[in-house]
Amino acid sequence: MQQSGSETSSAAAPPEDAEVTLSLICQWAAVLFEHLQDKVALYNLNAETLYINPMLKAHLPAHWGGVADVVMHSFFWRYRETLEGVIKTGRPDSCLAHYTLGDKEVCDLVNFSPLRDADGMLMGVLAIGRQTDQRDFEEGVEIRRREQYQRAVLDNFPFIVWLKDKQSRFLSMNSAFSKMFGLQNADEMIGKTDFDIFPEAMAQGYVEDDKEVLASGNIKMLVEPIRKSDGEMHWAETYKSPVVIDGEVIGTVGFARDITAERRLEAEIIRRENEYSMLVQNLPLTIVRYDRECRRVFVNSYCAMRDSLQQQVSQVMGKSPVEYWSGNIINITAEDYQKRILNVMDSGEPDNLELVTQYGDEQLVHLVRIVPERSASGELIGAMTVASDVTENSRYRKRIEQLAYHDILTELPNRLLFNQQLQLLIEQVKTQTHGFCLLFIDLDNFKTINDTLGHSVGDKLLIEVSRRISQLLGKDDMLARMGGDEFAISLPHCLSRLDAALLAARIIDALNVPFEVSSIKFFVSASMGIAFYPEDSSHLDDLLKHADLAMYHAKRQGRNNFQFYNQELTVNAAERLLMENLLRQALAKGELQLYYQPIIELATGEMYGAEALLRWNSYDLGMVGPDKFIPIAEERGMIVEIGRWVLREGCRTAVAWNALRSQPYVLAINLSSRQFMQQDFLTMITNCLQETGCHPQWLKFEITESLLLHDSDHIRQTLEALHSIGIAIAIDDFGTGYSALGYLNKFPVSQVKIDRSFISDIATNTESALLVKAIIAMADSLGKDLVAEGVETAEQADLLSLLGCQYVQGYYYGRPMPLETFNLSLR
């Protein structure tokens, strides 16, 4: 017999034992199958024929005779393939054998059964063929295939499915059912009821549902609890339907999906909605929602409890601000308020405003934020206003502004407010054909009065002087105390030297009338300097400087007089031109140098970073102070090129410092307004960062307050772009510029630097300490970091720490020094 190359089953018996047993089986087969009408063959594990009965032999070609390897005949379709499969898997199988016997076509269904010994080891295969109709066989195969498909569909269905008879006994279920209830095999439940796996009360409910469906013949849907195999309770959405065959209800079919997660989600949503509703209703905020027609559609309970609105909620709902408005609101009309809301709906951008309400002697201030409301699809559906009571903050802010912008002694505007208003005046007259006049006043020999009679008498005298001067001024004129015994006056309607001279003469005459303070008569004189915008200067700093120079010139002319500014009072024009020319060559000659001054974190005493300070060591002029050459660079536009150099050198220094540091140093670099106005400014910044490898977070740009006052789109966009890439913005020399406190929140400013002029006497002057305390409180309330400049003593540092200042800078911690020296201090 021919050998086969088929693999044998891993559970096959040893060859010698199998041969002995098969030999005995063959002997028995010769007896049992000798007269059987079916065709029988016996094979070993090599697919070799050991026995064929007479019926099979009769169907083999006559010339073969005897025991033949029938699987070699081509008319046994798929015979050998099926046989080898049974040997390999050890599982029974069948195939269809189709062949011709004489002129007759024969179709046999051959069943292959594995033969095993007493230990279950595979020994061989018994093949029994019986003549059948091919069509019946194929239909049977198709039925089994469809049954497999149906079973596969049910087993892969994500829901549990079951079939019951009319007595609620399970007939069938899918694998999801078995998995849900911990069954090893779905057949375990065949013939059983719900009482076999569920608690009695739960099972009884299921059976009652089955009876209802059987009785009504209708589908039933319900949500019911189910207990999984682990004992955990779940919720299921169940559908039960009668099964009808030939018009007769024979049972029920059901399927259920686990909706526990959805129920939990619904419960969570309801819980959160309740929490949100409680939060909104009880927040100490007034919340009102408006529809697209600006009608009120929601008013929270806190709002309803305010004032007399509790009884008027029904009148407010469904009405617009124009249709219902409180007469207590004094700073905006209903029309303007409604217009602001509609503008938010049209633009999609939030808006903020303050509402001031007056109730008798009490005035309340609310900060109102108007935001657009959108649906889940993003469609604009209305607007919402959220109002918070900021009355105390408003009062505190006004107090801070009073301290920051007014002289505590005379209650006149101080230098900060005067400079701010002067800058606004400059902006206004730029579009007009006329300018304005500026007067500087300094009391002569006032120091003698303080030294001889004490500061209390001197303070009273200053109050009286301010009153006399104020009585001579018009309603649009501004008198400010600049500090000490210095005053300044802006005269927006003074158009000629004659008008200025007449007013100056009246002031001198008024001050020459004796003052009586504390029963003491004083004779006071004053020296005055006068400058005109734009004839003498179109820049605020220069205009102030020129008026100041003219005032000192009046003192040199014998005091108790006034002088007009002229160019001879400034630096010699030739010297200025020389400095300008040398400065143009300084960068190319390598005369410019960056010095670095440490910035210290007060809480830890550790260095937080440093400020880069520009120095000019001229070969011709020697060391030139920045106060002399930087204004020239600004005026002549050289600051742009110098600024590029400063930025590049600063970036390189920051990279060198922070290359191996886990906590990087922040390098502060001063920027001029001219640099900001350059179209390629942002491109220059990003290119420099890329070229040097400097991280944006390692830099902080310091700008002056005056830059914010312009409030131009270009400046705003530039600052926002710097902030977006990670570069911090700081306001330098805070308190000496012109911006209002509100500008700090309009722009992405993260840090404020208090000017050294406020720090110098805080340890000895209570007013200075109070002012610095107010600035620190203001910065803290606005979420801004604070750096105090000009700290020179331990007393100043201790007081600043006590007041809550975060960072300090000054000679007490280190003077500005070249990079090499500074690096040595870091070791």
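The following exercises, each with a worked solution, concern a predicted model of a single protein chain.

**Exercise 1. The chain as a whole**

Task: State how many helices and strands the chain has, and what share of its residues is buried.

Solution. Start with the secondary structure, which comes to 28 helices and 32 strands. Next take burial: of the 827 residues in the chain, 45% are buried. Last, turn to contacts with a separation of 6 or more: 56% of them join residues 24 or more positions apart.

**Exercise 2. The sheet that holds strand 15**

Task: Give the strand order of the open sheet that contains strand 15, then find its edge strands.

Solution.
- Step one is the order. The 5 strands of this open sheet run 12-11-15-14-13, and their pairing is antiparallel.
- Step two is the edges. Strand 12 (296-299) and strand 13 (351-359) each pair on one side only, which puts them at the edges. From one strand to the next, the twist averages 25°.
- Step three takes the pairs in turn. Strand 11 (residues 286-290) pairs with strand 15 (residues 380-389) over 5 bridges, and Val-288 has Thr-385 of strand 15 as its bridge partner. Strand 14 and strand 15 are joined by 9 bridges, one partnership being Arg-374 with Leu-380. Strand 13 and strand 14 are also antiparallel, with 9 bridges; here Leu-353 stands opposite Val-368.

**Exercise 3. Two hairpins and a helix**

Task: For the hairpins in this sheet, say how many residues lie between the strands and which glycine has a positive phi.

Solution. In the hairpin of strand 13 and strand 14, 2 residues separate the strands, and Gly-360 in the turn has a positive phi of about 65°. In the hairpin of strand 14 and strand 15 there are 5 residues between the strands, and Gly-378 has a positive phi near 95°. To finish, add the helix: helix 11 (residues 391-405) lies across strand 13, strand 14 (362-374) and strand 15, at about 115° to strand 14.

**Exercise 4. The sheet that holds strand 6**

Task: Find the edge strands of the sheet with the order 7-6-10-9-8, and explain why one side of each has no neighbour in the sheet.

Solution.
- This is an open sheet of 5 strands with antiparallel pairing.
- Strand 7 (170-173) and strand 8 (220-227) are at the edges; each has a single partner strand, so one side of each is without a neighbour in the sheet. The twist averages 30° from one strand to the next.
- For strand 7 the pairing with strand 6 (residues 160-165) is antiparallel over 3 bridges, and Lys-164 stands opposite Phe-170.
- Helix 6 (residues 200-216) lies across strand 6, strand 8, strand 9 (233-245) and strand 10 (248-258), running at about 165° to strand 8.

**Exercise 5. Cavities**

Task: Describe the largest cavity and the second largest cavity by volume and lining.

Solution. The structure has 4 cavities of 30 Å³ or more. The largest has a volume of about 130 Å³. Its lining consists of 14 residues, with Trp-162, Asp-194, Phe-198, Tyr-206 and Glu-224 nearest the centre. Two or more lining residues come from each of strand 6, strand 8 and strand 9, and strand 6 gives the most, with 3 residues. By class, the lining has 9 nonpolar, 1 polar and 4 charged residues.

The second largest cavity has a volume of about 70 Å³. Of its 11 lining residues, Lys-39, Leu-56, Tyr-79, Val-110 and Gly-129 lie nearest the centre. Strand 1 (39-44), strand 4 (104-116) and strand 5 (122-131) each give two or more residues to this lining. The lining divides into 8 nonpolar, 1 polar and 2 charged residues.

**Exercise 6. The surroundings of Met-579**

Task: Decide whether Met-579 is buried or exposed, and list the residues it touches beyond four places away in sequence.

Solution. Met-579 lies in helix 17 (residues 573-589). Its relative accessible area is 14%. Buried means under 20%, so Met-579 is buried. Not counting residues up to four places away, Met-579 touches Trp-616, Leu-621, Val-624, Lys-628, Phe-629 and Ile-632. Take Ile-632 as an example: 53 residues separate it from Met-579 in sequence, while the C-alpha atoms of the two are 8.3 Å apart in space.

Technical notes. Residues are numbered from 1 along each chain as its sequence is written. This is a predicted model: local features need pLDDT of at least 70, side-chain atom pairs count only at pLDDT 80 or more; totals for chains, interfaces and linings use all residues. Side-chain values use heavy atoms; hydrogens and water are left out. Two strands pair if DSSP finds at least two bridges between them. Helices (H or I, at least four residues) and strands (E, at least two) are DSSP runs, numbered from the N terminus. Axes are lines fitted to C-alpha atoms, for helices over the stretch in contact, and angles run from 0 to 180 degrees between N-to-C directions. Contact means heavy atoms within 4.5 Å. Buried means under 20% relative accessible area, exposed over 50%, partly exposed in between (1.4 Å probe, protein chains only). On a 1 Å grid over the protein atoms alone, a cavity is a set of points where a 1.4 Å probe fits but cannot get out, and a pocket is an open set with protein on both sides within 12 Å along at least five of seven lines; lining residues have an atom within 4 Å of a point. Grid points are joined across faces, edges and corners, and a volume is the space filled by probe spheres set on the points. Ala, Val, Leu, Ile, Met, Phe, Trp, Tyr, Cys and Pro count as nonpolar, Asp, Glu, Lys and Arg as charged, and the others, Gly among them, as polar.
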